[in-house]
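The following exercises ask for a careful reading of helix packing, sheet order and domain contact in one structure. Each task is followed by a solution worked in steps.

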Amino acid sequence: MVCINATLQESTKDEAAEWVEDLLNVAYLKGIKRNRRFKVFVNPFSGKGKSVKLFNRVVKPILDYGKCTLDVTFTTHRKHAAEVAKEINLDYDAIVIISGDGLVHEIFNGFAEHENPRAAFAIPLAPVPTGSGNGCCLSLLGLKDGLDPAMAALNAIKGTHMRSDLCSVVQNDLRTISCMSVSMGLMADLDINTENLRWMGDTRFVYGFLRGIIRQRPCSIKVSLKAPQRDKYKMHETYQSTWHKQGEDGETCWDDLPPSEKLPPLKYSETDTDGWEDFDVPTLYFYGGLMPYVSQDLLQWPLGLPNDGSIDIAIQETVPLASLVSQMSIAPYGGQYWLKTQHYFKAAAYRIKTSDTGVLAIDGEDTPWNDFRVEVHKGMGAFLSPSGRYGVHFNIPVPTPPTK
Ligand SMILES: Nc1ncnc2c1ncn2[C@@H]1O[C@H](COP(=O)(O)OP(=O)(O)OP(=O)(O)O)[C@@H](O)[C@H]1O
């Protein structure tokens, strides 16, 4: 940060004001509203418990320099942010979240119960990384800046409104909004069953992964996908040709929604068969997601785009231990995408039937191990992002396609 102090003479005041205005025009992208009005949530429990300190020392001073107005809530219990989001004043320019991904999930679910969900979901979220995984921040800001609270605060001040897909997860008639991921098997276990190791930060996930691959518990599920894309080469080609267009305001699920419908209606039932395909392999984990990153160690959905109207799904087959260990070095760059034993799909919806017992997490939140279905809602939510797109461009070289 650069701070310039100068003494002005009365005769040069207008010139100085013009200079400041020119400078601000360079600093802010065209059309960006300055001096934003923020609702701010700080979760003292997130990550290693340093969010209050980071808010006071790093984030607040930057937002104050940006002459923003803040209305701050320090969360005192689980679902506190959802309770506030349910009644949120629609005048805020954005919601700044000093926490991990859990509060982002809560706020979207609070919006779903708002009396005007369409307007609530149009308010963009600007997460600041003080959680454990911080997948949202990493996806928005990229690997270099994604864990830097100062860069996230700048994004709140100057970021661009970017529509983003959300999902409905339906389990026993309960509808939950998901903004990031649905995980089952190893990847859910390493998140949920390492809660007691919060002091380790995101290293707890590495520990959980190693523990999980040694145990190699199979994930007993049956997966059905709605009209899935599954050719990795074709999907990669489409990704490369559309990457630069991501985030552009296109159609959203709200566009044709009559006012009588508060939320986008669900298109698929439990019994639909038209265009549904079963996928059956011995599974170590199932991971459906909307954003590219889970944590700095895992770019799980490298082809993830903010509003392409599809869910990215990775299914890892059970494989020998050594092969899983070697995945760890390529996972931060999404290299596992090209592995034969990691199946990758893009689909508008999927259904899971469970058997035995296991661990299921929705956006990292522990959820009962039961059958459920998921469908995507194009552009339902919004985030702020520095360039109006995700901060990652997947660029692991394409291997030579197999000859037939
Ligand atoms: N004051 C509080 N005390 C206890 N739990 C809280 C409090 N405020 C919020 N929570 C809960 O804290 C949980 C964890 O928050 P969050 O997910 O943001 O952090 P994290 O798990 O460290 O990060 P990440 O999700 O990025 O891995 C959420 O489920 C949220 O409901």
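**Exercise 1.** In which hand, left-handed or right-handed, does helix 2 pass helix 7? Describe the geometry and the make-up of this contact as well.

*Solution.* The model to be read here is a predicted one. Begin with the axes: those of helix 2 (residues 51–65) and helix 7 come within 9 Å and cross at roughly 35°. Turning to the hand, the crossing of helix 2 over helix 7 is right-handed. Next, list the residues that form the contact, which are L54, V58, V59, I62 and L63 on helix 2, facing P149, A150, A153, L154, A156 and I157 on helix 7. Sorted by class, this contact holds eleven nonpolar residues, with no polar and no charged ones.

**Exercise 2.** Work out why helix 6 is described as oblique to helix 7, and then characterise the contact between them.

*Solution.* The axes of helix 6 (residues 135–145) and helix 7 (residues 149–158) approach to within 10 Å, and their crossing angle is roughly 135°. Because angles from 65 to 115 degrees count as roughly perpendicular and those over 145 as roughly antiparallel, with the rest beyond 35 taken as oblique, helix 6 is oblique to helix 7. The hand of this crossing is right-handed. On the side of helix 6 the contact is made by C137, L140, L141 and D145, while helix 7 contributes M151, A152 and N155. Five of these contact residues are nonpolar, one is polar and one is charged.

**Exercise 3.** Establish the strand order of the open sheet of six strands, and examine one of its pairings.

*Solution.* Read across the open sheet, the six strands follow the order 14-13-10-7-16-17, and their pairing is antiparallel. The edges are formed by strand 14 (342–347) and strand 17 (365–367), each of which pairs on one side only. Averaged over neighbouring strands and ignoring direction, the turn of one strand against the next is 20°. For a single pairing, take strand 7 (residues 181–185) and strand 10 (residues 283–289), which are joined in the antiparallel sense over five bridges; within strand 10, G289 is the bridge partner of S181.

**Exercise 4.** Which parts of domain 1 supply the side that touches domain 2, and what is its composition by class?

*Solution.* First set the bounds: the domain assignment gives domain 1 as 29–158 and domain 2 as 169–248 + 271–379. The C-alpha centres of these two domains lie 25 Å apart, and their contact takes 18 residues from domain 1 and 19 residues from domain 2. On the side of domain 1, helix 4 (101–111) and helix 6 each supply at least two residues, and helix 4 gives the most, with six residues. By class, that side of domain 1 comprises seven nonpolar, nine polar and two charged residues.

Key
Residues are numbered from 1 along each chain as its sequence is written. This is a predicted model: local features need pLDDT of at least 70, side-chain atom pairs count only at pLDDT 80 or more; totals for chains, interfaces and linings use all residues. Axes are lines fitted to C-alpha atoms, for helices over the stretch in contact, and angles run from 0 to 180 degrees between N-to-C directions. Helices (H or I, at least four residues) and strands (E, at least two) are DSSP runs, numbered from the N terminus. A crossing is left-handed if the near helix is turned anticlockwise from the far one by less than a right angle, and right-handed if clockwise. Two residues are in contact if their C-beta atoms, placed from the backbone, lie within 7 Å. Ala, Val, Leu, Ile, Met, Phe, Trp, Tyr, Cys and Pro count as nonpolar, Asp, Glu, Lys and Arg as charged, and the others, Gly among them, as polar. Two strands pair if DSSP finds at least two bridges between them. Domain bounds come from an automatic or database domain assignment.
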